[in-house]
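Biologist: Before we discuss this model, could you set it out for me, so that I can follow your reasoning with the sequence beside it?

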Amino acid sequence: MEASCLELALEGERLCKAGDCRAGVSFFEAAVQVGTEDLRTLSAIYSQLGNAYFYLHEYAKALEYHHHDLTLARTIGDLLGEAKASGNLGNTLKVLGNFEEAIVCCQRHLDISRELNDKVGEARALYNLGNVYHSKGKNVASAGTHDPGDLPDDVKNALQKAANYYEENLTIVTELGDRAAQGRAFGNLGNTHYLLGNFRSAVLAHEQRLLIAKEFGDRSAERRAYSNLGNAYIFLGEFETASEYYKRTLQLARQLKDRAVEAQACYSLGNTYTLLQDYEKAIDYHLKHLVIAQELNDKIGEGRACWSLGNAYTALGNHDQAIHFAERHLEISREVGDRSGELTARLNLSDLQMVLGLSYSTNNSMMSESHVVENSFNGTRPRVGRRHSMENMELMKLTPEKVQNWN
Amino acid sequence: SQPLAGHQTAELQSKVVPSKQILHSDNMEMEPETMETKSVTDYFSKLHMGSLVYSCTSKRKNK
């Protein structure tokens, strides 16, 4: 019986290492069924089951097994094992949105690592703590309608703590010469600065991330850095630079054959060219985005594409196309039950219909057009809530003064 | 009622502030989590090494 449990667990390990977590889970669960009296073996099985479920995004199961592992590690007095289980439990609780408990667990991971003088463990615990505070801050921020740099105190405090933990982590991993860990910390530190509205610091961190990604030939990380740099440059008001970074994102997304990311890059480019008031290019990229959204059956993405296209055609004075896309936006918003999108589309349509009506009756199309452009680009739309779509770009208003304040 | 309130605010602002359109992305690209790992293989290789060391030392002692 004992050998059988071990054999099953070893096969589970092999499968997980080969990237087949689903099959690995079956073997680990079979091993648990068979059972063992060796509690260290059982602890390793629980831990790996927890991680496999984590990677499979089955967080309730991950939580269950990491909790079993923690209990077991404490029972047998395995301090290092307890630290590891606490860290994993903390990461899982974070994903589940239970930030307070996640902080307690990650702090335990940190305390034990320091007690054992385990520098690697300490650095990893600091990174995890940074991630928990980042998620906590982002979670509260996204519940409201705050823009980066314009945050309530609790959000700012959480994000500042995240930045401090990433900095502490960076000090240790730099001493240890762990470049991969430095890359991760720079990436998340950059995103934390971005949310805090420190866009120059965000750029500096993402530039470091980019450098390390190139060192490792890690093209996914390189693509992430380009995209994050693009986002930061948008807020610095440097749209040309942002467009260059988004183009590199697009190039890599195509090389990596990631259609969803390709769509996101096209959408970002469409929006950037809108900011640059180059509506032809904006339309070109938004159409590319639309095609992929349809291909991936991403209705929310398709709706946003139609909305953006409606705006761009309105700006060009092509009211027929503008109405076509506004109608399609309305249709899709109804289909997906997006009340806010529906309202937006109705407003756009009524604006457009009024313009066309006025144009025909008063023959004063110049005035009518400028009226539409003013209304549709100056924020008559309600904000759309954060969604898990391949494209999460949001339209927002920002005065040039505000841009300066943020720098 | 939330979207409506948001809409009213946006509309009011648009009349007061000569705004410039800008876009921002909530789609930040985060780095992956790092999970701590335990392994049955590591544990058993250590155990095996331990028993080897033990048998060697006990053999030496016996001699």
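Biologist: Where H10(A) meets H11(A), how many residues of the contact are nonpolar?
Modeller: From H10(A), residues including A:Phe199, A:Val203, A:His206 and A:Leu210 meet residues of H11(A), among them A:Ala225, A:Leu229 and A:Tyr233, where contact means heavy atoms within 4.5 Å and helices (at least four residues) and strands (at least two) are DSSP runs. This is a predicted model, in which local features need pLDDT of at least 70 and side-chain atom pairs pLDDT of 80 or more, while totals for chains, interfaces and linings use all residues. Residues are numbered from 1 along each chain as written, chains are lettered from A and ligands numbered from 1 in written order, and side-chain values use heavy atoms, leaving out hydrogens and water. With Ala, Val, Leu, Ile, Met, Phe, Trp, Tyr, Cys and Pro counted as nonpolar, Asp, Glu, Lys and Arg as charged and the others, Gly among them, as polar, the contact has six charged residues, two polar and, as nonpolar ones, twelve.

Biologist: How are H10(A) and H11(A) oriented to each other?
Modeller: H10(A), residues 199-216, and H11(A), residues 219-235, have axes 9 Å apart and pack at about 165 degrees, the axes being lines fitted to C-alpha atoms over the stretch in contact and the angles running from 0 to 180 degrees between N-to-C directions. Angles under 35 degrees count as roughly parallel, 65 to 115 as roughly perpendicular, over 145 as roughly antiparallel and the rest as oblique. The two helices are therefore roughly antiparallel.

Biologist: In the contact of H15(A) with H16(A), how many residues are charged?
Modeller: H15(A), residues 299-316, and H16(A), residues 319-336, pack at about 155 degrees with axes 8 Å apart, which makes them roughly antiparallel. The residues that make the contact include A:Trp307 and A:Tyr313 of H15(A), as well as A:Phe325 and A:Ile332 of H16(A). They divide into eight nonpolar, six polar and, as charged residues, four.

Biologist: Is the pair of A:Tyr133 and A:Tyr165 stacked or edge-to-face?
Modeller: The structure holds 13 aromatic pairs over all chains, a pair being rings of Phe, Tyr or Trp (its six-membered ring) with centres within 6.5 Å, stacked if the planes are under 30 degrees apart, edge-to-face if over 60 and tilted otherwise. A:Tyr133 lies in H7(A) and A:Tyr165 in H8(A), 32 residues apart. Their ring centres are 5.7 Å apart and their planes at 15 degrees, so the pair is stacked.

Biologist: Is A:Tyr233 buried or exposed?
Modeller: A:Tyr233 in H11(A) pairs with A:Tyr245 in H12(A), twelve residues away, and the pair is stacked because the centres are 5.7 Å apart and the planes at 10 degrees. Buried means under 20% relative accessible area, exposed over 50% and partly exposed in between (1.4 Å probe, protein chains only). A:Tyr245, at 15%, counts as buried, and A:Tyr233, at 9%, is likewise buried.

Biologist: Which residues of chain B does A:His134 touch?
Modeller: A:His134 sits in helix H7 of chain A and, at 0% relative accessibility, counts as buried. Leaving aside residues up to four places away in sequence, A:His134 touches residues including A:Leu159, A:Tyr166 and A:Asn191, and from chain B it touches B:Met28 and B:Met30.

Biologist: Which pattern does chain B follow along its sequence?
Modeller: Of the 63 residues of chain B, 32% count as buried. Chain B has two helices and one strand, and read along the sequence its pattern is α-β-α.
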